[in-house]
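Work through the exercises below with the structure at hand. Each task is followed by a worked solution.

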Amino acid sequence: MSPAIVEVRNVSRRFAPTPSIGERIAGLFGAYVENRTVHAVDRVSLDIAPGEVLGLVGESGCGKSTLGRVIAGIHPPSDGEAFIHGEPVMGGSRRRVKTTTRVQMIFQDPFGSLDPRFRIGATIAEGPIAHGLIRRAEARAEVARWLSAVGLPADAADRFPHQFSGGQRQRIAIARALAMQPDILVCDEPVASLDVSIQAQIINLFLKLRRELNLTMLFISHDLGVIRHICDRVAIMYLGRIVELGRTEDIYTRPAHHYTRALLDSVPKLVTTGDDLVSFRPISGELPSPLAPPPGCHFHLRCPAADARCRSEAPDLRDLADGRRAACHHPLIDDRT
Amino acid sequence: MSGPLLVVEGLTTEFPTRAGIVRAVREVSFHVEAGEILGLVGESGSGKSVTGFSILGLIDPPGRITGGSVRLAGCELVGLPARDLRAMRGREIAMVFQDPAATLNPVLRIGDQMALAIHAHETVSAAAARARVAEVLTLVGIPDAARRLDAYPHQFSGGMRQRVAIATALLNRPKLIICDEPTTALDVSVQAQILTEMRALARDTGTALIWISHDLATVSSLASRIIVMYAGRVIEEGPIRQVLSAPGHPYARGLLDSLPAKAVAGKDLMQIPGAPPSMLALPPGCAFAPRCLRADGACDAEPAPTVAGDRRWRCHHPHAEPTS
């Protein structure tokens, strides 16, 4: 594998609510104050190779968006570090700020991510001008270039977000990210809020941009069908940890982690033949609260293979056959050795 | 059996807006047999939810049903006085909505608010109502239901709340439950649990379901018949396997072909060009014509429904004549 462009090293991200004044005083006097810290991302390490599309999959609350935001330099990590081209995404030591424009992010909701009072042209040109990537005089041509790259007419630049449909707004959000000429795009559920017939258009746009611009992408989604279609490798997250990492086809055909298999079994398949209704094998139980994840392997409460070791000892992400990594004491595929 | 449970004929629902009249549902006709699961699919704005609301008479003024009829077991619901409609809702037809957090009252205990749904329709003792609530909660897969009656909605997860909403719909043993995207807001693992339970419920209780969804895969694993809506009209209807294996209408075909499951990984997906039309400025004739590769001059005229056996579609140039 070529040297990684994105390196995530032991990144954790915790969210703790600011204690109220009463709680702080109570704490000073030694009273018990409930710990409400959420470990959204728990010691995650991964690499993304140049030109690669890595899928990040998991259910709501598993920390996939938070990890994406750490890589995009929106949240500083609580521990560990994310690097791009070997440099930390966030500079500074006390007050951490994003120090690179090499990574850009695309959000799920194209209604919330565009300023309703900015014309499209101003929205797209704002970043590159502020960072000195282009001069103000070049802005118009530059905006037209990126609008055309995402399949919109140049005159869209003079209009406002409300004049566009959801699919078109997502194209504008993509153009805005591309105008910063990033090496890496972090896409957080970019097609989840779009209609089915529009989803295919945006997925095709990502495929085209990837071919033409050799973009590296982190593609976050809960839609296993979309992930399978556009990602080279996939990371599966569960309650803040990566439980499996490997080539897309391998994971879909031969999952190593019991959670991965259960997740794949839960997805409704499009059935077009046969009279019988397909049967699901749903995962039993519910996602535990991220405030109080179970000890040991986070999945052991719902896992058919769990034993005493799984209840006490958290499995590390380790190498298995065919370049796969999984965090499981009893994986479904063989060890490398 | 004397005819279908629900017959909808020529249903039209309009909403006057400042910009003009939106005809959200246009001459929609279909039927539901007792105990059947009918899938109703379409994109946002296709009128699928408004169809569900219209059946229940839940259209708020100034919107109103301007034409057609909805008959439940032979009894006409359109034009029924509000009091009679209220007596019917919940007892004959119930509805489950997409967002369970908005369905439940946050300041009432689960057991109490569910009991209200029983007391609305019959006179029973509080203890009997409580027992029935616990029984129905067990039916939808809530473990240890009797002990959770005193919990508040915020103490339940999203999947559990949706189970409570489904249980509430089941309380008065309605003949039909309209489910409007009930699993869209849920995670796939929870969705699979709920789909499995709904299928068993429909089978065991004989309740018919109208399952409104934008997700063809979910519908294909649940329903026996499917209706596809576009711009307020039913454009295709038929037994689900037949429609999904050989859709007649180019829009239904386009929807199916655009799914990633239908393509080779990494290759471009088939896509339907353009976007759904504004309901304020519908094109004359077939509303799908501007996006349709098969459209020609004939499509300037509204296509009449073609019926072939169990199947029905509205198109001048359907794909390979479906066999029935």
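**Exercise 1.** Determine how many residues of chain A are in contact with chain B, and what area is buried between the two chains.

*Solution.* Count first: in this predicted model, 36 residues of chain A are in contact (heavy atoms within 4.5 Å) with 47 residues of chain B. Next, take the area: about 3400 Å² is buried between chain A and chain B, with 56% given by carbon and sulfur atoms. Buried area here is the accessible area (1.4 Å probe) that two parts lose on being put together, summed over both.

**Exercise 2.** Identify the side chains that form the salt bridge between chain A and chain B, and state which elements of chain A give two or more residues to the interface.

*Solution.* The count is one salt bridge (a side-chain nitrogen of Lys or Arg within 4 Å of a carboxyl oxygen of Asp or Glu) between the chains. A:Arg211 and B:Asp268 form this salt bridge, at 3.7 Å from N to O. On the side of chain A that touches chain B, two or more residues each come from helices H6 (196-213), H7 (224-230) and H9 (258-266) of chain A; helices are DSSP runs of H or I with at least four residues, numbered from the N terminus. H6(A) gives the largest share, nine residues.

**Exercise 3.** Decide whether A:Ser12 is buried or exposed.

*Solution.* A:Ser12 counts as buried because its relative accessibility is 5%, and buried means under 20% relative accessible area (1.4 Å probe, protein chains only).

**Conventions.** Residues are numbered from 1 along each chain as its sequence is written, and chains are lettered from A in the order in which they are written. In this predicted model, local features need pLDDT of at least 70, side-chain atom pairs count only at pLDDT 80 or more, and totals for chains, interfaces and linings use all residues, while side-chain values use heavy atoms, leaving out hydrogens and water.

Terms used
Buried means under 20% relative accessible area, exposed over 50%, partly exposed in between (1.4 Å probe, protein chains only).
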